[in-house]
Amino acid sequence: MTRPLKAFIFDLDGVITDTAEYHFLAWKALAEDLGITFTREDNEELKGVSRMDSLEKILELGGRMGDFSVDEKEALAEKKNEHYLTLIQNITPADLLPAIKELIRDIKDNGLKLGLASASKNAFTVMESLGMKSEFDIIVDAKTVVNGKPHPEVFLCAAEMLGVEPEACIGVEDAAAGVQAIKAAGMYAVAVGPKESFENADIVYTSTSKLSFEKIVEVYNS
């Protein structure tokens, strides 16, 4: 039995807004500097993955795993991030994904708490640019936690900061690693994307435009 619903906890990239293209362009530029071919298909493997783990995957892809020290890897990751920050400077509230503004409004109108659990270290910057930072009760990003998704730490930390039990939370994600993290935290999982990608999700919507507060809560309570 689920506990009475108290909170929604959202992922950022691919759920609130789509910064995947900016991440792809920044990683691709770095990979090319290193002589590594990096495609959009490769980029799909980085969804929901931390910055350093993403770098490791790219280095593995290019057969350059042992070519850099820890400090050098951190410098490479920072170089990618600086490029990414330049690319996202043009984000505005118009970049909110379809139906998200309405869903957040309905959550707040029903007296539920709102949290953000993001693998990004730039979550505060992006949320500010979207005009959504003040709408959320708490924001947990990669700077706050030790373990990245699929580890449940970021969602558990969000629930703790909200002052609610994990079992009383609905998590919303667009990445398989994120859904794994939600379920490992003991929460109800709403996934956004192809159904075949989310065997462990409690409910799957093909896009954010299909998200509905009433339908999600109805299924949660059923």
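## Strands side by side and a pair of helices

Ala7 lies opposite Lys113 of strand β2. That makes a good place to start a walk through this model, which is predicted.

Ala7 has another partner too: Cys169 in strand β4 stands opposite Ala7. Ala7 belongs to strand β1, where Ala7 and Ile9 point one way while Phe8 and Phe10 point the other way. Are these four residues buried or exposed? All of them are buried. This fits a broader pattern: in a regular strand, side chains alternate between the two faces of the sheet.

Now let us follow the neighbours. Strand β1 pairs with β2 in the parallel sense, and β1 also pairs with β4 in the parallel sense. Moving along β1, Phe8 has Ile170 as its bridge partner in β4. On to the next pairing: β4 and β5 run parallel, with Gly171 of β4 standing opposite Ala189 in β5. Here are the pairings together.

| Strand pair | Sense | Bridges |
|---|---|---|
| β1 (residues 7-10) and β4 | parallel | 4 bridges |
| β1 and β2 (residues 113-117) | parallel | 4 bridges |
| β4 and β5 (residues 188-192) | parallel | 4 bridges |

Strand β4 deserves a second look. How many of the 5 residues of β4 are buried? The count is 5 of the 5, so β4 (residues 169-173) is largely enclosed by the rest of the structure. Cys169, Gly171 and Glu173 point one way from β4, whereas Ile170 and Val172 point the other way. Notice that Glu173 is among the buried residues.

Let us turn to the helices. Two packed helices are described by the angle between their axes and the distance between the axes. For helix α1 (residues 20-33) and helix α4 (residues 70-87), the axes come within 9 Å and cross at roughly 140 degrees. That angle makes α1 oblique to α4, because only angles over 145 degrees count as roughly antiparallel. The crossing of these two helices, α1 and α4, is right-handed.

Which residues of α1 and α4 meet? From α1 come Tyr22, His23, Leu25, Ala26, Trp27, Ala29, Leu30 and Asp33. From α4 come Leu76, Lys79, Lys80, His83, Tyr84 and Leu87. Sorted by class, the contact of α1 with α4 has 9 nonpolar, 2 polar and 3 charged residues.

Methods
Residues numbered from 1 in each chain as written. Predicted model: local features only at pLDDT ≥ 70, side-chain atom pairs only at ≥ 80, totals over all residues. Heavy atoms only, no water. Axes fitted to C-alpha atoms, helices over the stretch in contact; angles between N-to-C directions. Parallel < 35°, antiparallel > 145°, perpendicular 65-115°, else oblique. Left-handed = near helix turned anticlockwise from the far one by under 90°. Contact = heavy atoms within 4.5 Å. Nonpolar A, V, L, I, M, F, W, Y, C, P; charged D, E, K, R; others polar. Buried < 20%, exposed > 50% of the residue type's maximum accessible area, 1.4 Å probe, protein only. Pairing = 2+ DSSP bridges.
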